[in-house]
Amino acid sequence: MLDLQRLRALHAVSVHGSVGAAASALGYTPSAVSQQITKLERETRSVLLERDGRGVRLTAEARQLALAAQEILAVMERAETELEQRRGVPSGLLTLVAFASAARGLLPGVLAELAVRYTALDVRLSEVDPHLSVDMVAKGAVDVAVVHDWDIAPLPLPLGVEQAVIGDDPCTLLVPRAHPFAGRSSVRRAELGGQRWVCQPPGRVCHDWLVRTLREAGHTPEIVHQADENPTLVALIAAGLGIGLVPRLGRGPLPPGAVEVPLDPAPVRRLYALWRTGASGRPAIAETVRGLREGWAELPDGPVG
């Protein structure tokens with residue numbers, strides 16, 4: 001009989017792509033995950049992980065086992081959901097991932113409220129980009145994901161994943177205080193050509209939205225500085241190094257060197273909660289989604305962290 005915890009460790013490596021990332025998601029040390037994989041290799045008499053540069057890759061046998069583990073974990077999830085439904089009270093472990101500005105600007109208050117209201121519920125948060133978190137939900141690596149998309153770049157959802165709208169997060173143009181756009185009542189998208197931009201790296205939702213939006217307006221953005229975190233982008237803008245489109249959620253107060261200018265039409269990103277269809281009846285899912293929506297509605301002065 002294969003050990004479930006060892007299968008869970010292998011499944012986590014297959015989803016997260018490395019032993020270290022799997023360990024972080026499971027709350028273990030990397031050595032503990034490696035030990036679980038080594039024991040599973042002995043149980044199955046198979047090589048499951050092979051060196052690939054600085055990382056590892058799954059063998060064909062490992063990929064087959066990871067698929068089986070995903071099915072087993074889905075069966076366990078249904079059983080746990082039914083038990084929680086019978087109790088009628090949110091309980092047990094619930095893993096949640098969210099992109100950085102939601103983790104900073106929305107989740108602290110929501111998690112604190114859930115902890116007070118449901119002492120038997122243990123919600124654990126990790127920061128993950130939306131492009132990755134959708135697959136993590138679909139594969140059963142996490143229970144709930146907070147993601148976002150844009151009007152011209154919708155986030156595709158696989159079968160078996162459900163969503164609920166949390167709210168709309170307005171995005172405004174930030175410029176240095178000495179910039180010609182500063183003090184304007186609004187700026188049209190057609191005026192954005194020839195500017196120096198600060199932006200998130202390629203592959204991130206905000207970066208892709210900026211490139212597509214400006215190309216539709218006939219411009220190719222000159223991106224001179226890139227950073228993952230919105231506060232870093234704001235600091236670069238305040239230093240006079242470029243302009244940028246920054247959502248309000250989790251942004252914080254603007255430093256003296258940065259000015260907010262409305263863009264016409266105003267871009268908006270929409271936030272969603274995602275979970276697997278098989279877990280829809282779990283009270284912990286329902287209450288977490290409720291908490292996210294109520295927490296969004298209670299943000300002071302709109303969604304500004």
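## Pockets and buried residues in a predicted model

The second largest pocket has a volume of about 150 Å³. Everything described here comes from a predicted model, so please read the values as computed from its atoms.

Let us stay with this pocket for a moment. Its lining is made up of Gly-105, Leu-106, Gly-109, Val-110, Glu-113, Arg-290, Gly-291, Glu-294, Gly-295, Glu-298 and Leu-299. Two helices, α6 (107-117) and α10 (283-297), each contribute at least two residues to that lining. The greatest share comes from α10, which gives four residues. Sorted by class, the lining holds three nonpolar, four polar and four charged residues.

The largest pocket holds about 1,100 Å³ of space. Its lining counts 48 residues, and those nearest the centre are Arg-8, Thr-95, Gly-140, Ala-141 and Val-142. Helices α1 (4-16), α2 (19-26), α4 (60-87) and α7 (130-138), together with strands β3 (92-98) and β4 (121-127), each bring at least two residues to this lining. Here α4 gives the most, with ten residues. The lining of the largest pocket divides into 24 nonpolar, twelve polar and twelve charged residues.

### The chain as a whole

Stepping back, the protein chain has ten helices and 13 strands. Along the principal axes, its C-alpha atoms fill a box of roughly 70 × 50 × 30 Å. Of the 305 residues in the chain, 46% are buried. Contacts across long stretches of sequence are well represented: among those between residues at least 6 apart, 76% join residues at least 24 apart.

### Helix α2

One of the helices that line the largest pocket, α2, is worth following from start to end. At its start, a side-chain oxygen of Ser-18 comes to within 3.0 Å of the backbone nitrogen of Ala-21. Which residues of α2 are buried? They are Val-19, Ala-22 and Ala-23. Looking down the helix axis, these buried residues fall within an arc of 100°, so they line one face of α2. Some background helps here: an α-helix has 3.6 residues a turn, so residues three or four places apart point the same way. The cover over the buried residues of α2 includes α1, α3 (30-44), β1 (49-52) and β2 (55-58). After the helix comes Gly-27, which has a positive phi, near 80°.

### Four buried residues

The next four residues sit in various elements of the chain, and each falls under the 20% relative accessible area that defines buried. The table sets out their values.

| Residue | Location | Relative accessible area |
|---|---|---|
| Val-261 | strand β11 (258-261) | 1% |
| Asn-230 | helix α9 (230-238) | 5% |
| Thr-172 | strand β6 | 7% |
| Ala-153 | loop between β5 (144-150) and β6 (161-176) | 15% |

What does Val-261 touch, leaving aside its neighbours within four places in sequence? Val-261 is in contact with Thr-172, Leu-173, Val-175, Phe-181, Ala-182, Arg-184, Ser-186 and Val-187. One of these partners, Arg-184, is 77 residues from Val-261 along the chain, with 6.7 Å between the two C-alpha atoms.

Thr-172, another of those partners, has its own set of contacts. Leaving aside neighbours within four places in sequence, Thr-172 is in contact with Gly-244, Leu-245, Val-246, Arg-248, Arg-251, Glu-260 and Val-261. With Glu-260 there is also a polar contact between the two side chains, at 3.1 Å. Thr-172 is buried, because its relative accessible area of 7% is under the 20% cut-off.

Asn-230, when residues up to four places away in sequence are not counted, touches Ser-101, Arg-104, Gln-200, Val-246 and Pro-247. Val-246 is therefore a name to look for twice, as it appears among the contacts of Asn-230 and among those of Thr-172.

Ala-153 offers a separation rather than a contact list. Ala-153 and Leu-192 are 39 residues apart in sequence, and their C-alpha atoms are 19 Å apart in space. At 15% relative accessible area, Ala-153 still counts as buried, since the limit is 20%.

Technical notes: Residues are numbered from 1 along each chain as its sequence is written. Side-chain values use heavy atoms; hydrogens and water are left out. On a 1 Å grid over the protein atoms alone, a cavity is a set of points where a 1.4 Å probe fits but cannot get out, and a pocket is an open set with protein on both sides within 12 Å along at least five of seven lines; lining residues have an atom within 4 Å of a point. Grid points are joined across faces, edges and corners, and a volume is the space filled by probe spheres set on the points. Ala, Val, Leu, Ile, Met, Phe, Trp, Tyr, Cys and Pro count as nonpolar, Asp, Glu, Lys and Arg as charged, and the others, Gly among them, as polar. Buried means under 20% relative accessible area, exposed over 50%, partly exposed in between (1.4 Å probe, protein chains only). The arc is that of the directions from the helix axis to the C-beta atoms. Contact means heavy atoms within 4.5 Å. A polar contact is a pair of N or O atoms within 3.5 Å; within protein, one must be able to donate a hydrogen and the other to accept it, and residues adjacent in sequence count only if both atoms are side-chain atoms.
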